[in-house]
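Please open the model in a viewer with the backbone drawn as a cartoon and side chains hidden. The tour below proceeds by selection, and each stop says what to select and what is found there.

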Amino acid sequence: MAAALILGTGAGAALVISTGGAEAPVPGAPSGGGGGIPGIVPLPLASVTDADPGGEGREMPGEVPLAFDGNEVTAWRTERYATPGFGGLKEGVGLALALEAPAVAHRLDLTDVGSGGAFEVIAGDPGPGARVVGRGSFSGGHQQVDLQEGPPSGLYTLWITELPANAQGGGYRASVSEIALEGTPG
Ligand SMILES: [Ca+2]
């Protein structure tokens, strides 16, 4: 399917033209990824980091790789807090997903442990003026969160604003077993 997309309208706007014929394969992308929506593919991640801008800047960084190791048994967990609202210590914590190249994310694939709470998907960083493109709550399983289309971004943040109850050990914490983005490369 040949298509021409003009991305952006300001200075530095990129013109991306498919050359027709075979599209470049995405390394590691399973065929049929994207649930059958044309042009939607898994978006390769360059890095994932813990986000704790309102705290000490660290939120279990050693466990971050467990959120995308392909194993639903292992998970990145937040620290454990006294209340769903982080004990009043901060507005949220999360995972920052840096893409290998800017893209329009259409969907967040999330597998988690727990039930309830709340999260946002932000194109870019959290904070004042953050561009929220999706919202959801923890499901204790696999879910797909549809995201609002917007300009391409090289960074998407899973921003947890309310923690689910911690199933083991009391308190409140979120656990992300697997996280991935699907969308349209920019
Ligand atoms: Ca995992």
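Two strands count as paired if DSSP finds at least two bridges between them. With that in mind, select Leu108, which stands opposite Leu181 in strand β11. The model being toured is a predicted one.

**The whole chain**

Colour the protein chain by secondary structure: 11 strands and 0 helices appear. Read from the N terminus, the order of elements is β-β-β-β-β-β-β-β-β-β-β. Colouring by burial next marks 30% of the 186 residues as buried. If contacts are drawn between residues at least 6 apart in sequence, 70% of them join residues at least 24 apart.

**Strand β6**

Select residues 93-113, which form strand β6. Of the 21 residues in this strand, 15 are buried, so that β6 is mostly covered. Its pairings can be taken one at a time.

- Add strand β4, residues 45-51, which pairs with β6 in the antiparallel sense over 6 bridges. Leu45 has Leu99 of β6 as its bridge partner.
- Add strand β9, residues 142-146, which runs antiparallel to β6 and is joined to β6 by 5 bridges. Here Leu110 is found opposite Gln143 of β9.
- Add β10, which is antiparallel to β6, with 7 bridges between the two. Leu95 has Leu158 of β10 as its bridge partner.
- Add strand β11, residues 175-185, which is antiparallel to β6 and joined to β6 by 10 bridges. Besides the pair Leu108 and Leu181, look for Thr111 opposite Glu178.

**Strand β11**

Keep β11 selected and hide the rest. How many of its 11 residues are buried? The count is 9, and β11 is thus mostly covered. Two further strands can now be shown beside β11.

- Strand β3, residues 41-42, is antiparallel to β11 and joined to β11 by 2 bridges. Val41 of the chain stands opposite Gly183 in β11.
- Strand β5, residues 76-77, pairs with β11 in the antiparallel sense, also over 2 bridges. Arg77 is placed opposite Ser175 of β11.

**The nonpolar core**

Which residues have the most contacts inside the largest nonpolar core? They are Leu95 and Val176, in a core of 34 residues. At least two residues of this core come from each of β6, β7 (116-123), β8 (131-138), β10 and β11. The largest share, 11 residues, is supplied by β6.

Centre the view on Val176 and show its contacts. Setting aside residues up to four places away in sequence, Val176 touches Ala67, Ala75, Trp76, Leu95, Leu110 and Asp112. Leu95 is thus met again, having appeared above as the bridge partner of Leu158. Leu110 likewise returns, the residue that stands opposite Gln143 in β9.

**Tyr156**

Move to Tyr156 in strand β10, residues 153-162. Is this residue buried or exposed? Tyr156 is buried, because 27 other C-beta atoms lie within 10 Å, and 20 or more suffice for that class. Beyond residues up to four places away in sequence, Tyr156 touches Leu97, Ala105, Val121, Ile122, Ala123 and Leu181. Leu181 is the residue of β11 that stands opposite Leu108. Then measure from Tyr156 to Val133: the two are 23 residues apart in sequence, and their C-alpha atoms are 9.3 Å apart in space.

**Two loop residues with positive phi**

The last stops concern backbone geometry. Most residues other than glycine have a negative phi.

Select Met60, in the loop between β4 and β5. Although Met60 is not a glycine, its phi is positive, at about 55°. Met60 is partly exposed, because 16 other C-beta atoms lie within 10 Å.

Then select Phe86, in the loop between β5 and β6. Phe86 is likewise a residue other than glycine with a positive phi, here near 60°. Phe86 is buried, because 22 other C-beta atoms lie within 10 Å.

Definitions and conventions:
Residues numbered from 1 in each chain as written. Predicted model: local features only at pLDDT ≥ 70, side-chain atom pairs only at ≥ 80, totals over all residues. Helix = DSSP H or I, 4+ residues; strand = E, 2+ residues; numbered from the N terminus. Buried ≥ 20, exposed ≤ 12 C-beta atoms within 10 Å, placed from the backbone. Contact = placed C-beta atoms within 7 Å. Core = buried A, V, L, I, M, F, W, Y, C linked by C-beta atoms within 7 Å.
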